[in-house]
Amino acid sequence: MSVFTSMTNGQATDYLNIPTLDFETFRAELLAGVQQGHRVASFFGKAAEESPGVELVLVLADDQHNRLFIGKTSISGSQFPSMTPDCPQVHLFEREIAEQFNLQPIGHPWLKPVRFASPLQFSELETRPVERPTIGQMDFYRVFGDEIHEVAVGPVHAGVIEPGHFRFQCHGEKVFHLEISLGYQHRGIEPALIGGPHPLTPRQIEAIAGDTTLGHGWAYCQNLEALAQTRVTAREQVIRAIGLELERLANHTGDLGALAGDVGYLPTQSFCGRIRGDFLNMTAVLCGNRFGRNLLRPGGVRFDLDSNQTKDLIKRLEMAETDLVSAVELLWDTPSVLARFENTGVVTRDQGLQFGFVGPTTRACGVEHDVRTDHPTGVYQFVNLPVAMTHYGDVNSRAYVRWLEIRRSLRFIRERLTAMPEPRPVSTTGPLAPNSLAVSLIEGWRGEVCHVALTDAAGRFSRYKITDPSFHNWTALALALRNQQISDFPLCNKSFNLSYCGHDL
């Protein structure tokens, strides 16, 4: 990996010094990196500034050596050779590039819209005719044969849920293939960020996925701090981490309760619904609201913790842990629950590596990857946080990984609260470095949150690329349903609990 530019998580580099490779060299470096075990953290297009065309920017993550590798190439025409047949990790990224820049990845095995949006930005390519696709209308994969039937679900669902369309190809109850089509709530956040940061930018970032406010918020702050060469005090780094782990606790607890409800085990469902609220209330102790909004700011946090708040949080944490252990241990001791969880919705380790899944999804199938350990920043650099893993890749494994992470997050928060660093003068951020690129990875509760910020000559955002963990993992849900009973879909879906808005942005 000698040709790509090397850096670490939370750093910035001069964008103009990143060499622009010819496409064949760019492709060879990608394939060589993936063969060595690296992952595609981000891959996106950017309108070229000095020459007509589009630049393709790639971020590869080397999890074993705590390195990120940045490469770019320039596309002057209207197409480029697809790399998906040799590297499935880029299949959705290439579809996104095709949609946003009207560039055709020739040879892509199944090229379709991602969000049914108009192209993002052009240079000379805007002279080519562009038709905005109609949301939901595309060439769905079909299976033909005797007794084969198709089941379509959504985009309007019966419960309180975001819109998405699921199309099953079935033989009786058995699912041959599930195709997932999203994009019904595309909000255009990425183009709205260009030219920023604006006063509204932090609010837009916090709204990327409402249940991952702190994951996305921290990634954004870290990018600005890298571009402005700003240091964050140890105390504020600890408060950020407490907020992030409370966000993980609330969502994992809610999902364990929902999984219990999906198999009709109501005791755990009822308790977890209430305890999730307890964790949300602890976040409110930190910043005055239950979803962590306004807690973070570039350079630190907006709210400090006094001694009374610290004691209050420790007391609340102990009470919630006692209740949660009683509620969740019931799951693992109930044969009827395990009979529904085990061997249901399996995602294999090979699939996890091949498609570059992240978060509990990949850890549940035996892939050891956690940004807090592999690319640590902030207080995580000084903490030995074991990676929670199982190896079977089924619903039970995904649930158990969440339970392990709950136990470790509880211990992590308790240890931080009992040894808070002393207050220090608060940092402020200055102007952002011009013509630079910064990459920020944060381990949100669903997995890796990746933000890439590029600035122009004036230090304003010329491109801001966001990759929510759901963008990587929706394919995992489709794979998990293969050869399953269609009645297992709600249980499998809940075991991933992926974000529609995080995907649609």
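Here's a quick run through the main pocket, the nonpolar cores and some ring pairs. This is a predicted model, so keep the filters in mind: local features need pLDDT of at least 70, side-chain atom pairs count only at pLDDT 80 or more, and totals for chains, interfaces and linings use all residues. Residues are numbered from 1 along each chain as its sequence is written, and side-chain values use heavy atoms, with hydrogens and water left out.

**Nonpolar cores**
- The largest nonpolar core (buried Ala, Val, Leu, Ile, Met, Phe, Trp, Tyr and Cys residues joined through side-chain atoms within 4.5 Å) holds 95 residues, and F166, F168, F279, L286, F341 and L477 touch the most other members.
- Helix α6 supplies the largest share of this core, eleven residues; helices here are DSSP runs of H or I, at least four residues, and strands are runs of E, at least two, numbered from the N terminus.
- There's also a second, separate core of 24 residues, with L60, F69, F80 and L92 among them.

**Ring pairs**
- The whole structure has 17 aromatic pairs, meaning Phe, Tyr or Trp rings (six-membered ring for Trp) with centres within 6.5 Å; planes under 30 degrees apart are stacked, over 60 edge-to-face, the rest tilted.
- F168 and F489 sit 5.1 Å apart, centre to centre, with planes at 80 degrees, so they pair edge-to-face.
- F168 is in strand β10 (residues 165-171) and F489 in helix α15, so this pair ties together parts 321 residues apart in sequence.
- Both F168 and F489 are buried, i.e. under 20% relative accessible area (exposed is over 50%, partly exposed in between; 1.4 Å probe, protein chains only).
- Ring pairs also link F4, F23, F26, F43 and F80 into a cluster.
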